[in-house]
Number of protein chains: 2
Amino acid sequence: MPRPREFDEDAALNAAMECFWSRGFAATSLRDLTGAMKVTAPSLYNAFGDKEALFRRTLAHYLERGTRDRLRRLEQELPPRQAIEQFFKEIIEHSVKDRQRKGCFLVNSALEIAPHDEECRALIAEQFENIEGFFRGRVVAGQGEGSISPELDAGDMARLLLGTLLGIRVLARTKPRGDLLEGLARPALALLHPLHGKKKSKR
Amino acid sequence: MPRPREFDEDAALNAAMECFWSRGFAATSLRDLTGAMKVTAPSLYNAFGDKEALFRRTLAHYLERGTRDRLRRLEQELPPRQAIEQFFKEIIEHSVKDRQRKGCFLVNSALEIAPHDEECRALIAEQFENIEGFFRGRVVAGQGEGSISPELDAGDMARLLLGTLLGIRVLARTKPRGDLLEGLARPALALLHPLHGKKKSKR
DNA sequence: GCTATTTTGTACCAGTCGTTATATAACGTC
DNA sequence: GACGTTATATAACGACTGGTACAAAATAGC
């Protein structure tokens, strides 16, 4: 009945994400967006609502495609300890190759807009919990099969890994050098090895 | 000879910092700034240059007054391990009390503008190195007096602490809850205790 | 082919952006 | 008190901001 869309919604969303990701919310203008998305302003407003709504869509899009899929993939394809190590390895590789210094859209958004937008804050908080949960699950699984020190508190270790991950993403936007980022990850990952774990953190 | 300034430069700088700190660079307008600083636009331009130059001034101001002074104070007033623990304690206390969720101006800037401004990037990178150096120095000192596990690699431990710190500041902008933030810090700090340190991370 | 419904392109809105020209005012020095 | 110099206040600049009114165009069902 109605006139059909002439643009690819998914491609437009990716283009918008690219803009917000590299410039941030405030520094991205509607002209930037319509230019990159190859869509006129009225079409944008018709399809996505205003700038804030579009931003939320791109963020949700990123969380689903970028982070969630990665966690699922690692969880399914690798044994527990390797899943954790590979996760950090991929993040660091991306950060080093990232010549634009775009960093992580999730972390960028956590700092720029989470404090001012409750809806985005909920999305972001949920994703942090997912990541922490991934770490915790992998630690428990690794302890079960003996590849991870059984004396670690899985919850503590998951939080430590989450903190390390966020630290890497912050540092990567300033100094995206592989040796520095690995220097951050290595001591945290070293704790996983069963041979090293003669300690037990108190609760 | 010339007409004297009518405004307090330090107070104006603090007001500008408050603006940039809570809203970020892009989302802060010159009207916001002139309003908060109680200075007219021409005076602002005359005294500080353009918006970017003013931002750099406020950032440098913050790094000197906010972070550097704290490190010096902790280093002088407390024994090594307590200095590290107190550092995290203060950060977490501030984060929890921070109802505006302003977070840390250094970390906010590292994400918003470090990728796009080389001058700020240098300031920020240097400060990260200072913090890491503080941690490393305290670990070494603590090992010397027996309050910190002698088997830790001081460089590794410093990096781990830096990562944890940055992670806390990221998470605090989304979920500034004391228990969560302490959950991030605790496992990292637990590694310091000599009784726990039966492990040695490889280099 | 007409109608109902949605999308698109053009053209534009009022408001705000960062910045500045101009004129006046306040000072130390002569 | 005039001079050189710098700070202030007013007012405005052109460019750009997020967002829209309007009409033309494209479809499916009748």
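These legends go with close-up views of a predicted model.

**View 1. How the two protein copies relate.** Take chain B, turn it by 180 degrees with a shift of 0.0 Å along the axis, and it lies on chain A with an RMSD of 0.0 Å. That is the relation of a two-fold axis. The copies also meet through the same surface, because 98% of the interface residues of chain B are interface residues in chain A as well.

**View 2. The surroundings of DNA strand C.** Here 23 residues surround the strand, and the closest are P2(A), R3(A), S43(A), R3(B) and S29(B). Three helices each put in at least two residues: α3 (41-48) of chain A, plus α2 (30-37) and α3 (41-48) of chain B. Of these, α3(A) gives the most to the surface near DNA strand C, with 4 residues. Sorted by type, the residues of this surface come out as 12 nonpolar, 4 polar and 7 charged.

**View 3. The surroundings of DNA strand D.** Around this strand there are 23 residues, of which R3(A), S29(A), P2(B), R3(B) and E6(B) come nearest. Chain A brings α2 (30-37) and α3, chain B brings α3, and each of these helices supplies at least two residues. The largest share of the surface near DNA strand D is from α3(B), at 4 residues. By type, the split is 12 nonpolar, 4 polar and 7 charged.

**View 4. Helix α6 of chain A, mostly covered.** Running over residues 105-112, this helix has 8 of its 8 residues buried. The buried set is F105(A), L106(A), V107(A), N108(A), S109(A), A110(A), L111(A) and E112(A). What do the buried residues of α6(A) pack against? Within chain A, the partners are α1 (9-23), α4 (51-77), α7 (118-145) and α8 (154-174). From chain B, α6 (105-112) and α8 (154-174) join in.

**View 5. A close look at G167(B).** This glycine sits in helix α8 of chain B. Is G167(B) buried or exposed? It has 28 C-beta neighbours inside 10 Å, so G167(B) counts as buried. Setting aside neighbours within four places in sequence, G167(B) is in contact with L162(A), G163(A), T164(A), L166(A) and G167(A) from chain A, and with L184(B) from chain B. Look for L181(B) too: G167(B) and L181(B) are 14 residues apart in sequence, and their C-alpha atoms are 8.9 Å apart in space.

Technical notes: Residues are numbered from 1 along each chain as its sequence is written. Chains are lettered from A and ligands numbered from 1 in the order in which they are written. This is a predicted model: local features need pLDDT of at least 70, side-chain atom pairs count only at pLDDT 80 or more; totals for chains, interfaces and linings use all residues. A residue is near a molecule or strand if its C-beta atom, placed from the backbone, lies within 6 Å of it. Ala, Val, Leu, Ile, Met, Phe, Trp, Tyr, Cys and Pro count as nonpolar, Asp, Glu, Lys and Arg as charged, and the others, Gly among them, as polar. A residue is buried if 20 or more other C-beta atoms lie within 10 Å of its own, exposed if 12 or fewer, and partly exposed in between; C-beta atoms are placed from the backbone. Two residues are in contact if their C-beta atoms, placed from the backbone, lie within 7 Å. Copies are superposed by least squares on the C-alpha atoms of residues with pLDDT of at least 70 in both.
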